[in-house]
Amino acid sequence: MSTCSRGAGFLITAVFMLLVIQPGMAGSQQAAANGSRVSRPWNNNSLTPVQRANLLIKQMTLDEKIAIVHGAPLKPTKAYVGYVPPNPRLGIPAITLADGRAGVGNHARDVTLLPAPIAVASSWDIGLINEYGKVLGQEQWAKGTNVELGPSIDVVRVPEWGRTFESYGEDPYFNGQMAIAEIKGIQSQGPIADANMYLTMNQEKNRFKEDSIVDERTLREIYLPPFEASIRDGHVGTVMCAYVKTNGIYSCENPFLLNDMLRKDLHFDGWIMSDWGAVHSTVASVKGGLDQEMPDDKFYGEALKKAVIGGQVSMSDLDEHVRNILVAMFRQGLFDKKQPGSWTASVRSPEHDAFSRTVAEQGTVLLKNDHDILPLSETASIVVIGVAGGNDPKVEGAGSSAVVAPYKVSPLDGIRNRVGAKARTTYADGNDLDVVAKMAHDADVAIVFVHTDESEGGDRPDLSLPGNQDQLISAVARVNKNTIVVLDTGGPVLMPWIDEVAGVIEAWYPGQEDGNAIAAVLYGDVNPSAKLTLTFPRSADGIPTAQVERWPGVNGLSTYSEKLNVGYRWYDATNTQPLFPFGFGLSYTTFKLSDLVAKPTKLESTIQHMPRRVLVRLNVTNTGVREGAEVVQAYVAQPAGNGEPPHQLRGFAKVQLKARETKSVSILLDERSFSAYDSSLHRWISPNGIYEVLVGTSSRDLPLHSQIAVEGGAANALTQGR
Ligand code: BGC
């Protein structure tokens, strides 16, 4: 018995060796095509992804390695925006990459158009964004996509940035938390997620040439954290390097960004792909840390093969890049499961339609509500004004994130669906101001829908509403004191008419369910609970990047001289009054925060030399008569000598409360809350001193304070909150 089994084992080993040492042979191809476990030891999923990748690399010829480090210049299909053909000899699946920040992109049909990422982020609801990721991941997977080119997680530095709507907002910690939740959602459904665009991708105007001049502390504290969170806690499989340069070097060949920060410091072991056409070299990119060129083979095809043969690139360097790609694929199970999807499949469902509406409702921010004009009475006669309200609903932004909407519910239809015959509803597109004024005069309430057109490839020229939309609002407000403005914008706009109107709602780009969602908010079926993730400025010159050196830059250099003072940090540091601050949003009910306690937890720090984490606890009471949700925000102000911005968001929690209900809320502040990056020591430090914990409901409304003393790396509660 034992002899017999030993004999069988020998035979198998012998066959295996034959295959291993002569991978190019027809015999081995035959055996490999049969897919026997012995011939493909990397298919053993009890091995680690790195072990499996190493086994596979040993079998790969130079051509096979080259084939996986770039996209196929001639895609065999119109599907997907990037494609790496399969390798049938070794059983490597095709890599199919598709855009999809708000739904499957690249002209795919029969998909769900979700609200823009800025909208779901405005919900401040981690569970909702996790679900958003799941819906995206599920639809991509069913379309046959195995790499979803999202989320976009860059901190919004320039409010005019044409891709603001694709991102989450202006705070590094916040963006990191959103990214973790979305990435986990996407990857739970099959595809690998892609954190993009790395790094300092903060404008579109000069995106192919721009050079961001930025100091290391700012990079580490402001622009890196969303990527750090994506890697450390989101376990993202891929990162996309950006078009721009950082400190003189293109992102996709920047050894400091890729090798030092991503690989050494953050221990990223997945794959780094280029943005589409963002590669500028062969050897420098290989050495700089780029694993894969997209979408074609200009630098990583024949040119790379020649560089390997000529010795400018070593085989082990090439292997490392191949390994990074394979490790991410193995980790995500792409070798272990068969993907059933196809690009022509219909991936919509009634559940996803309903989810799109929920996100739009939860992401809509109520900015102004004088005399409780909202929610509206069902019997009030309404005039809906503006193209975005009727003929041409502004449901999404443009560029690579565009989705073919299966349908669009216009606000006019949504309102009519909601009120039926109970009220008269009329519509004016707003082109003729005299007609509009007459109609507005005759209605109980006038709702003006205004919009911006935003897209990758260009920034907005300024923050004003384009065309005559400001005049339109003023003309309506002059004849109807019950004027409500609904903004369908991807980012902040100036509101010269703010004192003329009774109500303002930011609905962002709300996706296919636009009209149903806005009607639910207008009539109070949904109590708004979203909060801004971007500051809305009062004036064009009152923004952090108003100087031309900062944006769009001079002679191709964009200088990040505001340093850490990005977004609300700048408004606070310069004592500039915003129109609506970061974190702000109204509800149809009211809340009270009380009984703050902040103290170090029993949990030790997870980072060496850092103080313990701090647990913040407080009570939140719904003081009104209807159910609602509040977002409790915890900021930390560091000791003045640390050179940090006045205060920074370090934790938040969204809490749902019935009328008159009180709940206790806990927020854990991590070690980073009590630390700053020291560029001379090249590490995070936690300087001694008194750190203030400020808790409230926006960056400008922080009524509760408590102090933490940090000394020699220990944190102690000094005072209890008031
Ligand atoms: C965009 C990326 C996108 C890629 C593929 C580029 O222009 O910057 O975000 O994933 O195109 O469509």
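A salt bridge, as the term is used in these legends, is a side-chain nitrogen of Lys or Arg within 4 Å of a carboxyl oxygen of Asp or Glu. Keep that in mind as you go through the views, and remember that this is a predicted model.

**View 1. Where domain 2 meets domain 3.**
Let's start with the layout: the chain is divided into domain 1 (3–98 + 191–332), domain 2 (364–554) and domain 3 (591–717). This view takes in domain 2 and domain 3, whose C-alpha centres lie 34 Å apart. Domain 2 brings 5 residues to the contact, and domain 3 brings 9 residues. Put together, the two domains bury about 520 Å² between them, and 38% of that is on carbon and sulfur atoms. On the domain 2 side, N527, S529 and K531 lose the most area to domain 3; together they make up 83% of what that side buries.

**View 2. What holds the eye at the domain 2 and domain 3 contact.**
How many salt bridges are counted between domain 2 and domain 3? The count is 1. Zoom in on the side chains of K531 and E630, and you'll see them meet in a salt bridge, with 2.8 Å from N to O. Polar contacts turn up here too: 5 residue pairs are counted between domain 2 and domain 3, with both residues of a pair at pLDDT 80 or more. Sort the domain 2 side of this contact by class and you get 1 nonpolar, 3 polar and 1 charged residues.

**View 3. Helix 8, tucked inside.**
Is helix 8 largely enclosed by the rest of the structure, or largely open? It is largely enclosed, because 8 of the 8 residues of helix 8 are buried. Here's the roll call of those buried residues: E216, R217, T218, L219, R220, E221, I222 and Y223. Look at the N-terminal end of helix 8 and you'll find D215 acting as a cap, with a side-chain oxygen 3.2 Å from the backbone nitrogen of R217. R217 also forms a salt bridge with E221, where the closest N and O atoms are 3.1 Å apart. These two sit 4 residues apart in helix 8 (residues 216–223), so R217 and E221 are separated by about one helical turn. E221 has a relative accessible area of 9%, so it counts as buried.

**View 4. K394 and D453, a link between two loops.**
Here the side chains of K394 and D453 meet in a salt bridge, 3.0 Å from N to O. The pair links distant parts of the chain, with the partners 59 residues apart. K394 sits in the loop between strand 11 (382–385) and helix 15 (411–419), while D453 sits in the loop between strand 13 (445–451) and helix 17 (469–479). Is K394 buried or exposed? K394 counts as buried, because its relative accessibility is 15%. D453, on the other hand, is exposed, with a relative accessible area of 53%.

**View 5. A salt-bridge network, and a look at D99.**
Some salt bridges share partners, and that joins D99, R101, R163, E166, E204, R207 and E456 into one network. One of the links is between R207 and E204, with the closest N and O atoms 3.3 Å apart. Both R207 and E204 are buried. Now find D99, in the loop between strand 2 (95–98) and helix 5 (117–122). At 7% relative accessibility, D99 counts as buried. Which residues is D99 in contact with, leaving aside its neighbours within four places in sequence? They are V81, V104, G105, N106, Q140, L149 and S400. For the bigger picture, a search of the whole structure finds 37 salt bridges.

**View 6. D572 and its neighbours.**
D572 lies in helix 19, which covers residues 568–573. Its relative accessible area is 14%, so D572 is buried. The side chain of D572 makes a polar contact with the side chain of R700, at 2.7 Å. Not counting residues up to four places away in sequence, D572 touches P646, H647 and R700.

**View 7. Q707, partly out in the open.**
Q707 lies in strand 25, residues 704–711. Its relative accessibility is 22%, so Q707 counts as partly exposed. If you bring A405 into the frame as well, the C-alpha atoms of Q707 and A405 are separated by 50 Å. Along the chain, Q707 and A405 are 302 residues apart.

How values were computed: Residues numbered from 1 in each chain as written. Predicted model: local features only at pLDDT ≥ 70, side-chain atom pairs only at ≥ 80, totals over all residues. Heavy atoms only, no water. Domains from an automatic or database assignment. Contact = heavy atoms within 4.5 Å. Buried area = accessible area lost by both parts, 1.4 Å probe. Polar contact = N/O pair within 3.5 Å; in protein donor to acceptor, adjacent residues only side chain to side chain. Nonpolar A, V, L, I, M, F, W, Y, C, P; charged D, E, K, R; others polar. Buried < 20%, exposed > 50% of the residue type's maximum accessible area, 1.4 Å probe, protein only.
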